[in-house]
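I opened this notebook to record which residues, helices and strands I looked up, and in what order I went through them.

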Amino acid sequence: MSRLSTISLFFDAAAFLAVVLLLIFYFKKATKLKELMMRMDIAKQEEKNKEKNEQITTEDGEEKGKLIFMDGIEGGLELGDLLKASAEGLGNGNFGNCYKAMLDDRPAMVVKRLKDVKPLTSEEFANQLLFIAGLKHPNLLPVLAYYYSKDEKLVVYKYAQKGNLFSRIHGRRRVKDRIPFRWNARLSVARGVARALEYLHLNSNSQTTLPHGNLKSTNVLLDDHDVVLVSDYGLSSLVSLPIASQRMVSYKSPEYQNARRVSKKSDVWSYGCLLLELLTGRIPSHSAPSGTNGVELCSWVHQAVREEWTAEIFDLEISAQRGAAHGMVKLLELAIQCCDKSPEKRPEMTQVVREVENIRDVESSEDEDDLSSDPSLTDDSMTSAASVINGHR
Ligand SMILES: Nc1ncnc2c1ncn2[C@@H]1O[C@H](COP(=O)(O)OP(=O)(O)OP(=O)(O)O)[C@@H](O)[C@H]1O
């Protein structure tokens with residue numbers, strides 16, 4: 001056999017092997033998705049019901065298996081269709097598991113399968129969901145539909161294409177192709193979350209004792225245009241107090257630790273921690289997802305400002321941006337005010353929105369270029385942050 005035909009035989013074999021590996025990968029993935037759906041007990045239940053050809057009804061005579069779509073949302077989708085969609089597990093949260101459901105003829109949706117819901121009749125659950133869905137703001141993740149049965153409670157949301165803020169800040173850090181998360185984009189997140197919280201605080205009523213209760217970076221999502229969508233609001237009203245107090249971020253606030261109290265000001269504290277996460281690129285320990293190590297960010301930042309390790313506070317990805325220093329220090333001051341140990345001293349969200357909106361974007365050329373460390377981010381520029389800390393001790 002000539003040398004040329006040996007080489008060509010070698011390449012043919014390699015190409016064949018690659019095709020086989022790709023096919024194996026494809027079928028493995030497809031099976032996984034199918035299995036995922038079958039693992040949902042509700043899917044099994046649905047199959048059983050079909051086999052028995054039973055018409056199951058709730059106490060109030062409603063047909064079971066019906067997805068209830070919210071006003072203004074295009075319905076025309078049955079639970080069975082949703083369960084047949086290909087799906088991907090997004091994660092196991094404190095209040096249930098999330099699945100991304102992909103249908104051919106409409107945008108992807110997220111199905112949150114709630115767990116540990118307190119005993120609620122279908123009417124009480126429906127009222128609560130209608131209240132949550134009635135909270136409409138450009139920075140709140142919209143509820144599309146819900147499903148209630150005795151054993152199963154689902155909430156269907158819009159799918160946010162660009163995932164969560166946690167991944168945007170901390171993801172792919174050591175990978176060359178990471179898209180830098182620049183100052184203007186971080187500021188825009190700070191504004192969006194502040195506006196969403198302000199809206200919740202102004203529109204909560206006695207039904208929702210906690211306006212959000214679980215604000216953290218995995219509950220801040222980004223859509224395909226990078227618009228901020230705060231998720232998981234209102235869920236505190238669906239779970240029982242002992243469960244909420246074990247799992248929700250608000251219950252890890254200083255006032256809950258010291259005096260078993262939570263309030264709107266606990267959201268302000270969570271917002272301050274979120275700002276510190278945005279500014280430092282470090283994970284706060286109280287909301288670190290399992291498997292990640294966090295830092296006690298509030299005390300770490302206090303110490304850093306006091307001891308003047310100015311260069312170390314800000315995430316390198318923004319501290320190297322010329323023109324961003326002034327805004328970064330302003331946002332740091334605001335974060336420190338929001339993280340005050342005493343809830344009474346924290347600002348209201350309306351004031352927070354005003355302050356964040358006063359912080360200017362940097363010119364787009366300054367936002368793009370990665371320049372050497374900003375000369376204006378000196379120890380002097382941190383003096384004002386230090387004075388805020390002193391005033392809030
Ligand atoms: N609508 C959505 N679009 C895109 N990703 C989502 C959506 N809803 C949730 N996720 C992501 O799915 C994952 C699981 O979400 P889930 O809310 O169940 O848990 P969590 O945010 O980690 O914790 P918690 O239950 O305390 O809120 C998270 O990474 C979250 O960011």
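**A buried loop residue**

I began with Ala 320, which is buried because its relative accessible area is 14%, under the cut-off of 20%. I note here that the model is a predicted one. I then looked up where Ala 320 belongs, and found Ala 320 in the loop between α12 (316-319) and α13 (325-338). From Ala 320 I followed a link to Trp 183: the two residues are 137 residues apart along the chain, and their C-alpha atoms are separated by 9.9 Å.

**Helix α6 against α9**

Trp 183 led me to helix α6 (residues 183-203), whose axis comes within 11 Å of the axis of helix α9 (residues 264-280), the two crossing at roughly 175°. I therefore entered α6 and α9 as roughly antiparallel to each other, since an angle over 145 degrees counts as such. I listed the residues in contact: on the α6 side they are Trp 183, Arg 186, Val 189, Ala 190, Val 193, Ala 194, Leu 197 and His 201, and on the α9 side Lys 264, Asp 267, Val 268, Tyr 271, Leu 274, Leu 275, Leu 278 and Leu 279. Sorted by character, the residues of this contact of α6 with α9 come out as twelve nonpolar, one polar and three charged.

**Helix α6 against α14**

I next asked which residues of α6 meet α14. Before listing them I checked the geometry: the axes of α6 and helix α14 (residues 349-358) come within 9 Å and cross at roughly 155°, which means that α6 is roughly antiparallel to α14. The crossing of α6 and α14 is left-handed. From α6, Leu 187, Ala 190, Arg 191, Ala 194, Arg 195, Leu 197, Glu 198, His 201 and Leu 202 take part, and they meet Met 349, Thr 350, Val 352, Val 353, Val 356 and Glu 357 of α14. I sorted the residues of the contact of α6 with α14 as well, and they divide into nine nonpolar, two polar and four charged.

**Strand β6 and its partners**

Last, I turned to strand β6 (residues 153-158), which is mostly covered, with five of its six residues buried. I looked up its pairing with strand β4 (residues 109-114), which is antiparallel over five bridges, and noted that Val 111 has Val 156 in β6 as its bridge partner. Strand β5 (residues 143-148) also pairs with β6 in the antiparallel sense, over five bridges, and there Tyr 146 stands opposite Val 155 of β6. I closed the entry with the connection between β5 and β6, which form a hairpin with four residues between them.

How values were computed: Residues numbered from 1 in each chain as written. Predicted model: local features only at pLDDT ≥ 70, side-chain atom pairs only at ≥ 80, totals over all residues. Heavy atoms only, no water. Axes fitted to C-alpha atoms, helices over the stretch in contact; angles between N-to-C directions. Parallel < 35°, antiparallel > 145°, perpendicular 65-115°, else oblique. Contact = heavy atoms within 4.5 Å. Nonpolar A, V, L, I, M, F, W, Y, C, P; charged D, E, K, R; others polar. Left-handed = near helix turned anticlockwise from the far one by under 90°. Buried < 20%, exposed > 50% of the residue type's maximum accessible area, 1.4 Å probe, protein only. Pairing = 2+ DSSP bridges.
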